[in-house]
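Visitor: Could you take me through one part of this model slowly, with the distances that go with it? I would like a single connected account rather than a list.

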Amino acid sequence: MHTNEKLVLGSYTQTDMEPFKRLRRTRMTEALRSMVRETELSKNDFIYPLFVVERENYKKEISSMPGVYQMSIDLIVRECVEVKKLGIPAVILFGIPREKDEVGSGAYDELGVIQQATRAIKKEVPELVVITDVCLCEYTSHGHCGIVRGNEIVNDESIELLAKEALTHAQAGADMIAPSDMFDGRVKAIRTILDANGFTSIPIMSYAAKYASGFYGPFREAAESTPHFGDRRSHQMDPANSNEAIREVEQDIIEGADIVMVKPATPYLDIIRRVKDTFGLPTAAYNVSGEYSMVKAAAQLGWIDGERVMMEMLTGIKRAGADMILTYFAKEASQYLDTHKL
Ligand code: PBG
């Protein structure tokens, strides 16, 4: 007798009519695959990083990051027009000042490179969301993210300067502030100074779980921010730690972070998932310079299909729980999404 009595909906019991489940059925055509697809990348997910230099009519490719440039303010504005036209909602700005000093004065100068660039972009492309990276490493002569006393990168003095930097960014018209230093208490310091000056509606995207990573190598060429001595291990996280990432993120949320970031992205997909599941806050992932450069280099050698790996990488980051991705692939991936619709 033929019976279906072993079939229990929801518990996946096999029946004698179906000796094994044919999971391939929904993979047979692109149309079917598109119907069951669980993760869909969108241009709205992307934030495009830009490197601004204090010069005119200047554009120089970063040798370790093909397709990524340092640009002067005039050219950055044109780039932003294109980014907006492509449908990418936001950029994040990194500044390279004309001069650096021990205390990173260029970072909190009202006429500094980011302050000028922000004003120029907001005037020309007001709908584009301008996020500013807040840190001192691009502005200090020693390349550290804060004030150095003896062998120590000091915390409390540094966060006061970071707060000043954030305020000048907001005054220049920045839509969102993104502190990337990883000092303790900086989100609170920034929230406090922004609120005290009437910028209560400017959100903070904190680099909340930022690891001391070898993947930042190419960025330091782009931002000219390699530390002249020592490293960043006294403030950025140990790559081996996961529980500590939860404590870092929790602390930033308590202090006022609106969006929390995990960085880098692909080696830390487990952290992205954990942060998203634990807090449910808008979660960003930074697909950093080294992740980009590895794909570009291998593709140039013909070892991988660069475009395919790019889309797979970004989809993986989103699948892990990221709501937004800071990525040097933003323009390329947007063009890909435009041309590969069903
Ligand atoms: C610090 C900062 C860094 C990156 C973003 N903000 C570098 C660092 O911490 O040394 C790295 C981004 C990347 O590698 O793409 N201002």
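Guide: What follows is a close look at the ligand and its surroundings, and then at some of the cysteines. Please keep in mind throughout that this is a predicted model. The space that the ligand takes up is the largest cavity, and around the ligand there are 18 residues, of which Lys210, Arg220, Lys263, Ser289 and Tyr328 come nearest. Sorted by class, this shell consists of 9 nonpolar, 3 polar and 6 charged residues. Several side chains place polar atoms beside the ligand: Ser289, already named among the residues that come nearest, has a polar side-chain atom 2.7 Å from an oxygen atom of the ligand, while Gln236 has a polar side-chain atom 2.8 Å from a ligand oxygen atom. With Asp133 the partner is a nitrogen atom of the ligand, which lies 3.4 Å from a polar atom of the Asp133 side chain. The ligand taken alone exposes 410 Å², and the protein buries 100% of that area.

Turning to the cysteines, the structure holds 0 disulfides. Cys135 is accordingly in no disulfide, and the nearest cysteine sulfur to its own, that of Cys145, is 3.8 Å away. Cys135 counts as buried because its relative accessible area is 1%, which falls under the 20% cut-off. For Cys137, the closest cysteine sulfur is the one in Cys135, and because the two sulfur atoms are 3.9 Å apart they are too far from each other for a bond, the limit for a disulfide being 2.5 Å. Cys137 is buried as well, with a relative accessibility of 5%.

How values were computed. Residues numbered from 1 in each chain as written. Predicted model: local features only at pLDDT ≥ 70, side-chain atom pairs only at ≥ 80, totals over all residues. Heavy atoms only, no water. Near = heavy atom within 4 Å. Polar contact = N/O pair within 3.5 Å; in protein donor to acceptor, adjacent residues only side chain to side chain. Areas by Shrake-Rupley, 256 points an atom, 1.4 Å probe, with all protein chains shown as cover. 1 Å grid on protein atoms, 1.4 Å probe; cavity = no way out; pocket = protein on both sides within 12 Å on 5 of 7 lines; lining within 4 Å. Sits in = over half its atoms within 2 Å of the grid points. Nonpolar A, V, L, I, M, F, W, Y, C, P; charged D, E, K, R; others polar. Buried < 20%, exposed > 50% of the residue type's maximum accessible area, 1.4 Å probe, protein only.
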